[in-house]
Amino acid sequence: MTDVHSKAVRSYNMSQIKGKNTKPELIVRSFLHQNGFRFRLHCKDLPGKPDIVLKKYKTVVLVHGCFWHGHKGCKYFVVPKTRQQWWLDKINRNKVKDAESYKELIDQNWKIITIWECELKKGKIEITLVKLLNQLSGQAFTFSLTSSTTGASPYLRIASTIWAATALTTGTATEFPNCL
Ligand SMILES: [Zn+2]
């Protein structure tokens, strides 16, 4: 049976498999860093090795790939027709693991912010990142796509974040602190 997915979708799905240091994650890391937040990465001493740990805020940010974590109803959650059951089993195992980690983190009084990769796509990323900022800071930042008035607005920072994340994925050294 031929795999009906385009080469692009397939290679995209495959690229998400490693699940660490993915582009969506780099975007969020870069955004937080530029907005003055400091964090640790993939902490082994916490349930599920959360992607981003903001100790000061007792908050973890999980950046989920829509394919790998089985984002229900999402257009990026496309299971390959080839070995479909194998993929579904694998993704379901991830979802079970996610649920277990969530529970343990909550039991340890961690706040969890989950960001799906599709929420970082064009047209949605600004809202997602401003929402993240609001959740962490407890302040109500607002922004406008058409009128950004000051250089320090979240919107401009978001724009440079996207640029910075692109630079990071093309091979420059990471500036982020590691957990260990
Ligand atoms: Zn999604």
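## Ile52, the nonpolar core and two helices

Beyond its neighbours within four places in sequence, Ile52 contacts Val28, Arg29, Leu32, Phe39, Leu41, Val60 and Val61. The model in which these contacts occur is predicted.

Ile52 also belongs to the largest nonpolar core, which has 23 residues. Together with Val28, Val60, Val61, Ile115 and Leu129, Ile52 is listed among the residues with the most contacts inside this core. At least two core residues each come from H2, strand E2 (52-54), strand E3 (59-64), strand E4 (111-116) and helix H4 (125-137).

The chain as a whole contains five helices and four strands. Read from the N terminus, the order of the elements is α-α-β-β-β-α-β-α-α. Of the 180 residues in the chain, 24% are buried. Among contacts with a separation of 6 or more, 62% join residues 24 or more positions apart.

Two of the helices, H2 and H3, are set side by side below.

| Helix | Residues | Number of residues | Reach, first to last C-alpha | Expected at 1.5 Å a residue |
|---|---|---|---|---|
| H2 | 23-34 | twelve residues | 16 Å | 16 Å |
| H3 | 84-107 | 24 residues | 35 Å | 34 Å |

In H2 the reach is close to the expected value, and in H3 the reach is likewise close to the expected value. Their surroundings are described next. H2 is largely enclosed by the rest of the structure, because nine of its twelve residues are buried. The buried residues of H2 are Pro24, Glu25, Leu26, Ile27, Val28, Arg29, Ser30, Phe31 and Leu32. Three of these, Val28, Arg29 and Leu32, are in contact with Ile52. An α-helix has 3.6 residues a turn, so residues three or four places apart point the same way. H3, by contrast, is hardly covered, with a count of zero buried residues among its 24 residues.

A residue with positive phi follows each of these two helices. After H2 comes Gly36, with a positive phi near 90°. Just after H3, the positive phi of Asn109 is about 65°.

Confidence varies along the chain. The mean pLDDT is 77, and 65% of the residues reach 70 or more. Over residues 167-180 the pLDDT is below 50, and the model gives this stretch 16 contacts beyond near neighbours in sequence. Residues 143-152 also have pLDDT under 50 throughout, with eleven contacts beyond four places in sequence in the model.

Definitions and conventions:
Residues numbered from 1 in each chain as written. Predicted model: local features only at pLDDT ≥ 70, side-chain atom pairs only at ≥ 80, totals over all residues. Expected span 1.5 Å × (residues − 1). Buried ≥ 20, exposed ≤ 12 C-beta atoms within 10 Å, placed from the backbone. Contact = placed C-beta atoms within 7 Å. pLDDT = per-residue confidence, 0-100. Core = buried A, V, L, I, M, F, W, Y, C linked by C-beta atoms within 7 Å.
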